[in-house]
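User: Hello! I have a model open on my screen and would like to talk through what it shows. Could you take my questions one at a time?

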Amino acid sequence: MFFNIPTIMTWARIVAIPLIVGVFYLPIEPASRNLIATVMFVVFAATDWLDGYLARKLNMVSSFGAFLDPVADKFLVCACVLVLVHLGRADVFVALIIIGREIAISALREWMAQIGAAKSVAVHMIGKLKTVVQMVAIPFLLYDGMLLGLIDTHVWGVWLIWIAAVMTVWSMVYYLQKALPEIRARAR
């Protein structure tokens, strides 16, 4: 199941990263770059839901797809957060929190899987909510303008990315607390 429809959609999120970054190097007006990057992010981020739905619906769930899906999500989010830092739209501290958490929790989940305790760090609602807030904050910050003449996406995006950073720490603490009994048992 290396190449089926859901897995190809997951690969598309990884391929999207240099495309989204590349938009900001195009010789076009900044507002157009912002719009193109925002639309690309929203379209590719939506494939996260769609590929999972199709994998279940078409009975194409695979262990490779289950591995690649969160990797693609983390790559896409981390790359976009770095772009936002480069553009001066997100604080480097936010980037360190988000990227650091992704590395730490990925390593924790890998270790917990190796010792047979993966269920103790299974995805929880706080992690899902954190992801939703990130997935709203990032396109707001990529767009960086007035949406429909009513919503200042920069202001909302800054608030949301900081809320996402707080939720990122909260979810990391939650997962570490869940893993702590196993960590203590293995540290002896």
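User: How many Å should the residues of helix H3 span, and how far apart are its end C-alpha atoms?

Analyst: Happy to help, and please keep in mind that this is a predicted model. Helix H3 covers residues 63–86, which is 24 residues, and at 1.5 Å a residue the expected span is 34 Å. The distance in the model agrees with that, since the end C-alpha atoms of H3 are 35 Å apart.

User: Which glycine with a positive phi follows H3?

Analyst: Most residues other than glycine have a negative phi. The residue to look at after H3 is a glycine, with a phi near 80°. That residue is Gly88.

User: Which helix gives the most residues to the lining of the largest pocket?

Analyst: The largest pocket has a volume of about 1,300 Å³, and 37 residues line it. Helix H1 (5–23), helix H2 (30–57), H3, H4 and H5 each supply at least two residues of that lining. With ten residues, the one that gives the most is H3.

User: Which residues lie nearest the centre of that largest pocket?

Analyst: Of the 37 lining residues, five are nearest the centre. Two of them, Asp69 and Asp73, also belong to a network of salt bridges. The full set nearest the centre is Ala66, Asp69, Pro70, Asp73 and Val123.

User: Which residues are linked in that network of salt bridges?

Analyst: The structure holds eight salt bridges. In one of them, the side chains of Asp73 and Arg13 meet at 2.9 Å, N to O. The network that links this pair with others consists of Arg13, Asp48, Asp51, Asp69 and Asp73.

User: How many residues apart in sequence are the parts that the salt bridge between Asp73 and Arg13 ties together?

Analyst: The side chains of Asp73 and Arg13 meet in a salt bridge. Asp73 lies in helix H3 and Arg13 in helix H1, so the bridge ties together parts that are 60 residues apart in sequence.

User: Are Asp73 and Arg13 buried or exposed?

Analyst: A residue counts as buried when its relative accessible area is under 20%. Asp73 falls in that class, and so does Arg13; both are buried.

User: Which residue forms a salt bridge with Asp144, and is that partner buried or exposed?

Analyst: The side chains of Asp144 and Arg89 meet at 3.5 Å, N to O. Asp144 lies in the loop between H5 and S1 and Arg89 in the loop between H3 and H4, so this pair ties together parts 55 residues apart in sequence. Asp144 is partly exposed, at 28% relative accessible area. Its partner, Arg89, has a relative accessible area of 11% and is buried.

User: What is the phi of Asp144?

Analyst: Asp144 sits in the loop between helix H5 (125–143) and strand S1 (146–147). Asp144 is not a glycine, yet its phi is positive. The value is about 50°.

User: What is the phi of Leu148, and is this residue buried or exposed?

Analyst: Leu148 lies in the loop between S1 and strand S2 (151–152). Although Leu148 is not a glycine, its phi is positive, at about 60°. With a relative accessible area of 74%, Leu148 is exposed.

User: Which residue meets Arg101 in a salt bridge, and what is the relative accessible area of that partner?

Analyst: The side chains of Arg101 and Glu102 meet at 3.2 Å, N to O. Arg101 counts as buried at 3% relative accessibility. Glu102 is buried as well, with a relative accessible area of 6%.

User: Which helix gives the largest share of the nonpolar patch on the surface?

Analyst: The patch is formed by Val92, Phe93, Leu96 and Trp162, with about 420 Å² of accessible area together. Phe93 is partly exposed at 48% relative accessibility, while Leu96 counts as exposed at 59%. The largest share, three residues, comes from helix H4 (residues 92–114).

User: How far apart in space are Asp91 and Ile161?

Analyst: Asp91 is found in the loop between H3 and H4 and is partly exposed, with a relative accessible area of 36%. In sequence, Asp91 and Ile161 are 70 residues apart. In space, C-alpha to C-alpha, they are separated by 9.2 Å.

Note on methods. Residues are numbered from 1 along each chain as its sequence is written. Side-chain values use heavy atoms; hydrogens and water are left out. Patches are made of residues with over 30% relative accessible area and no salt bridge: like charges are joined within 9 Å, nonpolar side chains (Val, Leu, Ile, Met, Phe, Trp, Tyr) within 5 Å. Accessible areas come from the Shrake-Rupley method with a 1.4 Å probe; for residues, only the protein chains shown count as cover. A salt bridge is a side-chain nitrogen of Lys or Arg within 4 Å of a carboxyl oxygen of Asp or Glu. Helices (H or I, at least four residues) and strands (E, at least two) are DSSP runs, numbered from the N terminus. Buried means under 20% relative accessible area, exposed over 50%, partly exposed in between (1.4 Å probe, protein chains only). The expected span of a helix is 1.5 Å times one less than its number of residues. On a 1 Å grid over the protein atoms alone, a cavity is a set of points where a 1.4 Å probe fits but cannot get out, and a pocket is an open set with protein on both sides within 12 Å along at least five of seven lines; lining residues have an atom within 4 Å of a point. Grid points are joined across faces, edges and corners, and a volume is the space filled by probe spheres set on the points.
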